[in-house]
Amino acid sequence: MKKDIHPDYHKQAKITCSCGVDFATGSTREEISIETCSQCHPFFTGKQKIIDSTGRVDRFKKISDRAAKTKEERASLKSKEEKKAERIRNKEEKSLA
Ligand SMILES: [Zn+2]
């Protein structure tokens with residue numbers, strides 16, 4: 001191994017997860033904090049967990065709420081058009097009678 005080019009290796013680096021679990025492993029960093037580990041990752045727990053470190057989930061929720069509102073508005077518009085068509089039909093029927 002060449003001298004003075006390799007970082008220090010910590011055989012017992014402390015890894016701390018946001019769920020509270022901590023364990024040791026080998027790393028060039030002494031301490032590492034992580035967002036998910038094998039104790040809390042949905043793949044291992046089978047439960048759903050949302051990790052939102054950059055606000056992307058909130059952004060998605062906002063967008064989908066807005067989309068739902070627009071859809072409702074469009075649906076109500078359509079029903080207004082249908083009502084209008086019905087009114088016209090009724091008038092025509094009256095004029096025929
Ligand atoms: Zn964890």
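Modeller: A ground rule before we start on this predicted model: two strands count as paired if DSSP finds at least two bridges between them.

Biologist: Fine. What makes β1 and β2 a pair, then?

Modeller: Count the bridges. The rule asks for at least two, and β1 (residues 10-17) and β2 share 5 bridges, in the antiparallel sense. You can find T16 opposite D22 in β2, and H10 opposite S27 in β2.

Biologist: How does the sheet go together, and in what order are the strands?

Modeller: The order is β2-β1-β3, an open sheet of 3 strands with mixed pairing. The edge strands are β2 and β3 (31-34), since each pairs on one side only. From one strand to the next, the twist averages 35°.

Biologist: What happens in the hairpin of β1 and β2?

Modeller: There are 4 residues between the strands, and one residue in that hairpin, G20, takes a positive phi near 105°.

Biologist: What is odd about the phi of D4?

Modeller: Most residues other than glycine have a negative phi. D4 is not a glycine, yet its phi is positive, about 65°. You'll find D4 in the segment before β1.

Biologist: Why is D4 called exposed?

Modeller: The cut-off for exposed is 12 or fewer other C-beta atoms within 10 Å. D4 has 4, so it is exposed.

Biologist: And E82, is it buried or exposed?

Modeller: Same test. E82 has 10 other C-beta atoms within 10 Å, so it is exposed. E82 sits in helix α2 (residues 56-96). From E82 to G20 it is 62 residues in sequence and 58 Å in space, C-alpha to C-alpha.

Biologist: How do you know whether α2 has the span a helix should have?

Modeller: Take 1.5 Å a residue. The 41 residues of α2 should then span 60 Å, and its end C-alpha atoms are 60 Å apart, so the two agree.

Biologist: Why do you say that α2 lies largely in the open?

Modeller: To be buried, a residue needs 20 or more other C-beta atoms within 10 Å. Of the 41 residues of α2, the number that get there is 0, so the helix lies largely in the open. Strand β2 (residues 22-27) is hardly covered either: among its 6 residues the buried count is 0. For the chain, buried residues make up 0% of the 97 residues.

Biologist: How do you know what the chain looks like next to a compact globule?

Modeller: Use the radius of gyration. A compact globule of 97 residues would come out near 13 Å, but this chain has 31 Å. Along the principal axes, the C-alpha atoms fill a box of roughly 105 × 30 × 20 Å. Contacts add to the picture: among those between residues at least 6 apart in sequence, 0% join residues at least 24 apart.

Biologist: Which elements does the chain have, and how do they run?

Modeller: There are 2 helices and 3 strands, running β-β-β-α-α from the N terminus on.

Biologist: Last one. Where in the chain is confidence lowest, and where highest?

Modeller: Lowest in helix α1 (residues 42-45), with a mean of 84, and highest in β1, at 95. The chain averages a pLDDT of 87, and 97% of the residues score at least 70.

Notes
Residues are numbered from 1 along each chain as its sequence is written. This is a predicted model: local features need pLDDT of at least 70, side-chain atom pairs count only at pLDDT 80 or more; totals for chains, interfaces and linings use all residues. The radius of gyration is taken over C-alpha atoms; the globule rule is 2.2 Å times the number of residues to the power 0.38. Two residues are in contact if their C-beta atoms, placed from the backbone, lie within 7 Å. The expected span of a helix is 1.5 Å times one less than its number of residues. Axes are lines fitted to C-alpha atoms, for helices over the stretch in contact, and angles run from 0 to 180 degrees between N-to-C directions. pLDDT is the predictor's confidence in each residue, from 0 to 100.
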